Amino acid sequence: MNRGNSNRKGSSMSKSIKVIYGSSTGNTQRAAEAVAAGLGGSAVNITDAKAGDFNADLLVLGTSTWGYGEMQDDWQNGMAKLDAADLAGRKVALFGLGDASGFADTYLNAMGELADKVKASGGEIVGRWSSAGYPHSGSAAEEGDSFVGLALDDDNEPAETPGRIERWCLQLKSEAGL
């Protein structure tokens, strides 16, 4: 009987999906829970995350950007957990919330910071999102004509969030082989 790795790509076994987020006002938590539901995974705040939470087949990290490009407080305090995680070869998706109008030149910078950490740890970023149509002027989360992950702006476009999350989850299912 073959007892090979049941988590290989193309396997009929279900894949583990973990959404790890930091949230100050509840917007990022609501987005994380919607992403987890859309992907069939579970969501956990970075303050409660354990080392094993980073070992998912698809790891999704979410944060908001504060002030002039600062990382959300829970992530500031929990960044050591991400630093300690072995992301080599792991598929990692990112989403960020921010104010594209009020902080147009630092929109989603915290998501860019998470992306830098993921890349430095050998993770494979999936789920890039077009930056077309966002009223921003600069972002550390932008590479070419795309953000490194899903861009949400609940300050100015809250009605867009559910549809964006739904489309992104479909995109991730395809890109991550879920």
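Reader: Let me start with a detail: is Ser131 buried or exposed?

Author: Happy to begin there, with the reminder that this is a predicted model. The cut-off for calling a residue buried is under 20% relative accessible area. Ser131 has a relative accessible area of 8%, so it is buried.

Reader: Where in the chain does Ser131 lie, and which residues does Ser131 touch beyond those up to four places away in sequence?

Author: Ser131 belongs to the loop between β7 and β8. Its contacts, leaving out residues up to four places away in sequence, are His136, Glu142, Asp145, Ser146 and Phe147. Two of these names return in the strands: Glu142 stands opposite Phe147 in β9.

Reader: Then let us read that sheet. In what order do its three strands come?

Author: The general idea helps here: strands of a sheet pair through backbone hydrogen bonds, either parallel or antiparallel. In this case the sheet is open, its order is β7-β9-β8, and the pairing is antiparallel. β7 (129-130) and β8 (142-143) are at the edges with a single partner strand each, so one side of each has no neighbour in the sheet. Between β8 and β9 (residues 146-147) there are two bridges.

Reader: What about β3: in which sense does it pair with β1, and over how many bridges?

Author: β3 pairs with β1 (residues 17-21) in the parallel sense, over five bridges. As an example, Ile20 has Leu61 of β3 as its bridge partner. β3 also pairs with β5 (residues 91-97), again in the parallel sense, over seven bridges. There, Leu58 is matched with Lys91 in β5.

Reader: And how does β3 run relative to β4?

Author: Those two strands run antiparallel and are joined by two bridges. Trp66 stands opposite Glu70 in β4. The hairpin of β3 and β4 has three residues between the strands, and Gly67 takes a positive phi near 55° in it.

Reader: Which residue other than glycine has a positive phi?

Author: Leu108 is one to look at, with phi near 65°. You will find Leu108 in the loop between β5 and α3 (109-120). Its relative accessibility is 0%, so Leu108 counts as buried.

Reader: How many residues of β3 are buried?

Author: Eight of the nine are, so β3 is largely enclosed by the rest of the structure.

Reader: How should I read the largest nonpolar core, and which residues have the most contacts inside it?

Author: In soluble globular proteins, nonpolar side chains tend to be buried together. Here the largest nonpolar core has 51 residues, and those with the most contacts inside it are Ile20, Val60, Leu61, Trp75, Leu94, Phe95 and Trp168. Notice that Ile20 and Leu61, the bridge partners from earlier, are both on that list. Val60 makes a good viewpoint: setting aside neighbours within four places in sequence, its contacts are Lys18, Val19, Ile20, Val35, Leu39, Ala93, Phe95 and Trp168.

Reader: Finally, what volume does the largest pocket have, and which residues lie nearest its centre?

Author: Its volume is about 240 Å³. The lining has 18 residues, with Thr65, Trp66, Gly98, Asp99 and Asp155 nearest the centre. The elements that give two or more residues to this lining are α1 (27-39) and β3 (58-66), and β3 supplies the largest share, three residues.

Reader: How many of the lining residues are nonpolar, polar or charged?

Author: The lining of the largest pocket has ten polar, five nonpolar and three charged residues. So keep β3 in view as you turn the model: this strand is largely enclosed, and it gives the largest share of that lining.

Key. Residues numbered from 1 in each chain as written. Predicted model: local features only at pLDDT ≥ 70, side-chain atom pairs only at ≥ 80, totals over all residues. Heavy atoms only, no water. Core = buried A, V, L, I, M, F, W, Y, C linked by side-chain atoms within 4.5 Å. Buried < 20%, exposed > 50% of the residue type's maximum accessible area, 1.4 Å probe, protein only. Contact = heavy atoms within 4.5 Å. 1 Å grid on protein atoms, 1.4 Å probe; cavity = no way out; pocket = protein on both sides within 12 Å on 5 of 7 lines; lining within 4 Å. Points joined across faces, edges and corners; volume = space filled by probe spheres on them. Helix = DSSP H or I, 4+ residues; strand = E, 2+ residues; numbered from the N terminus. Nonpolar A, V, L, I, M, F, W, Y, C, P; charged D, E, K, R; others polar. Pairing = 2+ DSSP bridges.
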